Amino acid sequence: MVTTGEREDRLFAALANGTRREVLRLLRDEGPQPVQALADHFDMRRPSLSEHLKVLREAGLVAEERSGRQRIYRLEAVPLAEVQDWLSPYERFWRDRLTGLGAVLDRMPDDDQP
């Protein structure tokens with residue numbers, strides 16, 4: 001059984017790679033696609049892309065379906081909610097900090113006024 005921490009580690013490790021993030025973007029924007037259609041977007045051999053897809057699949061970010069001889073991949077966005085949940089406190093932190101900075105700047109006199 002995979003623990004919550006292990007699942008989060010897989011998720012963040014999968015998202016840490018630019019190629020994998022681009023695969024997710026392609027699936028989000030263009031919908032389910034066969035491996036070859038995805039591979040056409042990258043300057044790498046198909047086995048290398050298959051390794052990236054395996055990492056995404058193991059992180060739960062993509063699902064694979066067979067259609068004849070093709071493997072069709074589709075985005076599974078639900079795990080991204082975990083990322084949003086994790087990032088939310090940091091977003092609030094920075095929003096509060098920037099609001100505070102804005103208040104300080106509003107109290108400062110303008111340089112062009114005597």
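Which residue takes a positive phi in the hairpin of β2 and β3? Hold that thought. First, a caution: this is a predicted model.

Now the answer. G68 takes a positive phi near 65 degrees. The hairpin has two residues between its strands. Just before the turn, S67 has Q70 in β3 as its bridge partner. Further along, R66 stands opposite R71 in β3. In total, β2 and β3, residues 70-75, pair in the antiparallel sense over six bridges.

Let's widen the view to the sheet. The sheet is open, with three strands. What is the order of the strands? It is β1-β3-β2, with antiparallel pairing. The edge strands are β1, 33-34, and β2, 62-67, and each pairs on one side only. β1 and β3 pair over two bridges, in the antiparallel sense. Look for Q33 there: it stands opposite Y73 in β3.

Next, the helices on the sheet. Helix α2 covers residues 18-30 and packs on the sheet. α2 touches β1, β2 and β3. Its direction makes about 85 degrees with that of β3. Then there is helix α4, residues 46-58. α4 lies across β2 and β3, and runs at about 115 degrees to β2.

Back to the N-terminal end, and helix α1, residues 4-15. Let's check its length. α1 has twelve residues, so at 1.5 Å a residue it should span 16 Å. Its end C-alpha atoms are 17 Å apart, which agrees.

Which residues of α1 are buried? L11, A14 and L15 are. They cover an arc of only 100 degrees around the axis, so they sit on the same side of α1. And what covers them? The cover includes α2, α4 and α5, the last being residues 78-107.

Now the whole chain. There are five helices and three strands. From the N terminus on, the elements run α-α-β-α-α-β-β-α.

How does the chain compare with a compact globule? A compact globule of 114 residues would have a radius of gyration near 13 Å, but this chain has 21 Å. Along its principal axes, the C-alpha trace spans about 75 × 35 × 20 Å. Buried residues make up 24% of the 114 residues.

One last number, on contacts. Take the contacts with a separation of 6 or more: residues 24 or more positions apart account for 47% of them.

To recap: an open sheet of three strands, α2 packed on that sheet, and α4 lying across β2 and β3. And at the hairpin, G68 with its positive phi. Thank you.

Methods: Residues numbered from 1 in each chain as written. Predicted model: local features only at pLDDT ≥ 70, side-chain atom pairs only at ≥ 80, totals over all residues. Heavy atoms only, no water. Pairing = 2+ DSSP bridges. Helix = DSSP H or I, 4+ residues; strand = E, 2+ residues; numbered from the N terminus. Contact = heavy atoms within 4.5 Å. Axes fitted to C-alpha atoms, helices over the stretch in contact; angles between N-to-C directions. Expected span 1.5 Å × (residues − 1). Buried < 20%, exposed > 50% of the residue type's maximum accessible area, 1.4 Å probe, protein only. Arc of directions from axis to C-beta. Rg over C-alpha atoms; globule rule 2.2 N^0.38 Å.
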